[in-house]
Amino acid sequence: MPKKLLLLPPLSASSTLRAPRASPAARPAMNAARTGYRVFSANSTAACTELAKRITDDLAERKQMEEGTFKRRLGAELGKSVVYQETNGETRVEIKESVRGQDIFIIQTIPRDVNTAVMELLIMAYALKTACARNIIGVIPYFPYSKQSKMRKRGSIVCKLLASMLAKAGLTHIITMDLHQKEIQGFFSFPVDNLRASPFLLQYIQEEIPNYRNAVIVAKSPDAAKRAQSYAERLRLGLAVIHGEAQCTELDMDDGRHSPPMVKNATVHPGLELPLMMAKEKPPITVVGDVGGRIAIIVDDIIDDVESFVAAAEILKERGAYKIYVMATHGILSAEAPRLIEESSIDEVVVTNTVPHEVQKLQCPKIKTVDISLILSEAIRRIHNGESMAYLFRNITVDD
């Protein structure tokens, strides 16, 4: 008996096979992230992972608040990875979980061993790229080599080289804080979010410095005057600027325009007569502004070698300032910095935790820390969810 075939009517141009529609409640929100995210720490030393743990704790709190099940400090584990140094000094990174199709945030704080930290970041980024991560975002609160962003004689712009290396390793975005020169953002071929620590430092001034209304904001050199002016205007305080031969700024160094250097008995082309340049000579150290009977608050972006800060504190003390604070975003505090601060006229040094400095705090109780993990965790959340970053820059001026 022949089998009967079931004939279906032909489909018209307007009729197509469609899947059943999902209910509106089941549809994902328009701005909801389609992929997950993971946070990794690229540091091989335990002291440098403290900031990463704080950021993941803040992220866990925010997620609990959004879900309506908030509990204080539940904590969220970092991504599973192993970063270590082999016996021959090589850096090895192993990713212990799947990251395929996810947004990956690498938190890398920079300890004293800068070059090892850079290699850890590069190798981890390349390992995640090889593992098919969707986006690789570097969270680098203090960007290394940021002071080498200008040409010096026959040197090189190392910061530009590092930016190219990070792009080649697989990074697609960077979150950093208070770049030494804001023009560094132009070195990168991908987006850079340069966050500011000034809201946290301003809050510290208002809450932790007694009688701060009697303070004056001080720039230890003319180069730092714009930053100091920004702080002074928002706190409604006076401004003072230190100028003189005790200062040694980057602009005083010879750059590529003075190359080649002048040599005695150099061959001069006939008919070429260039005007002679008069050598720079700084005036005696002076303080522009009144600091007598005031609290002096010196602000800057980096405090590394503290000799210039100590010299500034001495002159401010001579001019009548009865208490001296130093505030900076990045407290690198190299070499003998803790000892020099302890023996100086500086009453307190306030820095953020963009750079680990727990050892320095043990050596010098004058060093205080402001936690900025909150703004970094919020930046991670907003980037992953595709939200605007404008909220993190509200009331922020260009000169901060």
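Reader: Why does Ser 230 count as buried?
Author: Ser 230 counts as buried because its relative accessibility is 4%. Buried means under 20% relative accessible area, exposed means over 50%, and partly exposed is in between, with a 1.4 Å probe and protein chains only.

Reader: What are these numbers based on?
Author: This is a predicted model, in which local features need pLDDT of at least 70 and side-chain atom pairs count only at pLDDT 80 or more, while totals for chains, interfaces and linings use all residues. Residues are numbered from 1 along each chain as its sequence is written, and side-chain values use heavy atoms, with hydrogens and water left out.

Reader: OK. Where is Ser 230 placed?
Author: Ser 230 sits in helix 5. Helices (H or I, at least four residues) and strands (E, at least two) are DSSP runs, numbered from the N terminus.

Reader: What is Ser 230 in contact with?
Author: Thr 397, Asp 399 and Asp 400, once neighbours within four places in sequence are left aside. Contact means heavy atoms within 4.5 Å.

Reader: Which other residues in helix 5 are buried?
Author: Helix 5 covers residues 225-235, and its buried residues include Ala 225, Arg 227, Ala 228, Tyr 231, Ala 232 and Leu 235.

Reader: What do they pack against?
Author: The buried residues of helix 5 pack against helix 4 (198-208), strand 8 (215-219), strand 9 (238-243) and strand 11 (295-303). Right after helix 5 comes Arg 236, with a positive phi near 60°.

Reader: Strands 8, 9 and 11 again. What is the order of strands in that sheet?
Author: The order is 10-9-8-11-12-13-14, in an open sheet of seven strands with mixed pairing. Two strands pair if DSSP finds at least two bridges between them. At the edges, strand 10 (286-288) and strand 14 (367-370) each pair on one side only.

Reader: How many bridges are there between strand 11 and strand 12?
Author: Eight, and the pairing of strand 11 with strand 12 (residues 323-331) is parallel. Opposite Ile 298 stands Val 326 of strand 12.

Reader: Which strands does helix 4 lie across?
Author: Helix 4 lies across strand 11, strand 12, strand 13 (348-352) and strand 14, at about 155° to strand 12. For such angles, axes are lines fitted to C-alpha atoms, for helices over the stretch in contact, and the angle runs from 0 to 180 degrees between N-to-C directions. Helix 6 (residues 307-318) also packs on this sheet, touching strand 8, strand 9, strand 10, strand 11 and strand 12, and its direction makes about 170° with that of strand 11.

Reader: Now the sheet of five strands. What pairing does it have?
Author: Parallel pairing, in an open sheet with the order 1-4-5-6-7. Its edge strands, strand 1 (37-41) and strand 7 (192-195), each pair on one side only. From one strand to the next, the twist averages 15°.

Reader: Which residue of strand 6 is the bridge partner of Gly 138?
Author: Ile 174 is the partner of Gly 138. Strand 5 (residues 135-140) and strand 6 (residues 173-177) are joined by four bridges.

Reader: Last one, where does Gln 148 lie?
Author: Gln 148 lies in the loop between strand 5 and helix 3 (158-169). Gln 148 is partly exposed, because its relative accessible area is 37%. Not counting residues up to four places away in sequence, Gln 148 touches Ile 157, Val 158 and Cys 159. Gln 148 and Gln 181 are 33 residues apart along the chain, with 9.8 Å between their C-alpha atoms.
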